[in-house]
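Student: Could we go through the labels in this model together? I'd like to see how each one is earned.

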Amino acid sequence: MKLSFLGTGTSQGIPIIGCPCANCNSIDPRDKRTRTSAYLEWDGLHLLIDCGPDFRQQMLNNGLSKVDAVLLTHEHNDHLIGLDDVRPINYLQGKDMPVYGLERVIHELKLRFAYAFEDRPYPGVPKLTPVVIEKETDFFIQDKKIIPLTVFHGKLEISGFRFEDLVYLTDVKTIPEGSLEKIINCKILVISALRYQEHSTHLNLEEALEYIRFIRPERAFLTHLSHKFPPHNKFAGQLPENVYVAFDGLSVIC
Ligand SMILES: [Zn+2]
Ligand SMILES: [Zn+2]
């Protein structure tokens, strides 16, 4: 399978509008971070993990047009507000887009995109088919098993996902014991790290590295990064050997 990082930035993206910092003014393309999202090609299945405000540009930047389903980690706008732009994919594929998420997330999806769920919607709205997932119940898309992983984003219970030996976690602050048991022998771990300083709802770098040391994946990739880190080149040099800074457009074969 192939995982492509479509976006690796925190909720405001990098650069932040009007910010004078070195990261926001870097000329290295790896320092241009759109909102966090990833695209998984798994045999014939094409999954989008989260669909933030940069979704349209991310698909264009990466030459992608096929999406069989969208998996939502949680309902914050930087992870779902791009769903209006599935319209051309509805058209190309000739069908509605299945959107998977916890019951609370699907409830929020219907509020955020109320116009798409009216009884007689305006023609041309995105066609979304919500699918509720249970937090401890594995589910299948086509013949592929996906293991949902409960993690905490501060106090908010959100979802990570395991696809065979790949685990994808974003917006994490804590990983409960039961989820750690399901993660522990993975080969590739994607995990969020916001900045050096502590934060109430996100792992900082030290906390993320601590989880990585405990989980011991072959390779770990950091995502959902803020501009508080130094530019990519400098930051990458500060990390342990098996830990990489993800960047927009990076693909990893698992
Ligand atoms: Zn986020
Ligand atoms: Zn969030």
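Student: What makes Cys51 count as buried?

Tutor: Keep in mind that this is a predicted model. Buried means under 20% relative accessible area, and Cys51 comes in at 0%, so the label fits.

Student: And Cys254, why is that one called partly exposed?

Tutor: Its relative accessible area is 37%. Buried needs under 20% and exposed needs over 50%, so Cys254 falls in between.

Student: How do you know that Cys254 isn't in a disulfide?

Tutor: A disulfide needs two cysteine sulfur atoms within 2.5 Å. The closest cysteine sulfur to that of Cys254 is in Cys186, 10 Å away, so that is too far for a bond. The structure as a whole holds 0 disulfides.

Student: On to the metal. What makes His74, His76, His153 and Asp171 donors to the zinc ion (ligand 2)?

Tutor: The cut-off for a zinc donor is 2.8 Å. His74 (NE2), His76 (ND1), His153 (NE2) and Asp171 (OD) sit at 2.2 to 2.4 Å, so they qualify. Asp171 also coordinates the zinc ion (ligand 1), 3.4 Å from the zinc ion (ligand 2).

Student: What do His74 and His153 tie together?

Tutor: His74 is in the loop between strand E4 and helix H2, while His153 is in strand E8, so the pair links parts 79 residues apart in sequence. His74 is buried at 0% relative accessible area, and His153 is buried at 5%.

Student: Why is the site of the zinc ion (ligand 2) called irregular?

Tutor: Its 4 donor atoms make angles of 90 to 179°. Tetrahedral requires all angles between 85 and 135 degrees, so 179° rules that out. The site is classed as irregular.

How values were computed. Residues numbered from 1 in each chain as written. Chains lettered and ligands numbered in written order. Predicted model: local features only at pLDDT ≥ 70, side-chain atom pairs only at ≥ 80, totals over all residues. Heavy atoms only, no water. Donors = N, O, S within 2.8 Å, 3.2 Å for Na, K, Ca; no water. Tetrahedral: all angles 85-135°; square planar, octahedral: opposite > 155°, others 65-115°. Helix = DSSP H or I, 4+ residues; strand = E, 2+ residues; numbered from the N terminus. Buried < 20%, exposed > 50% of the residue type's maximum accessible area, 1.4 Å probe, protein only.
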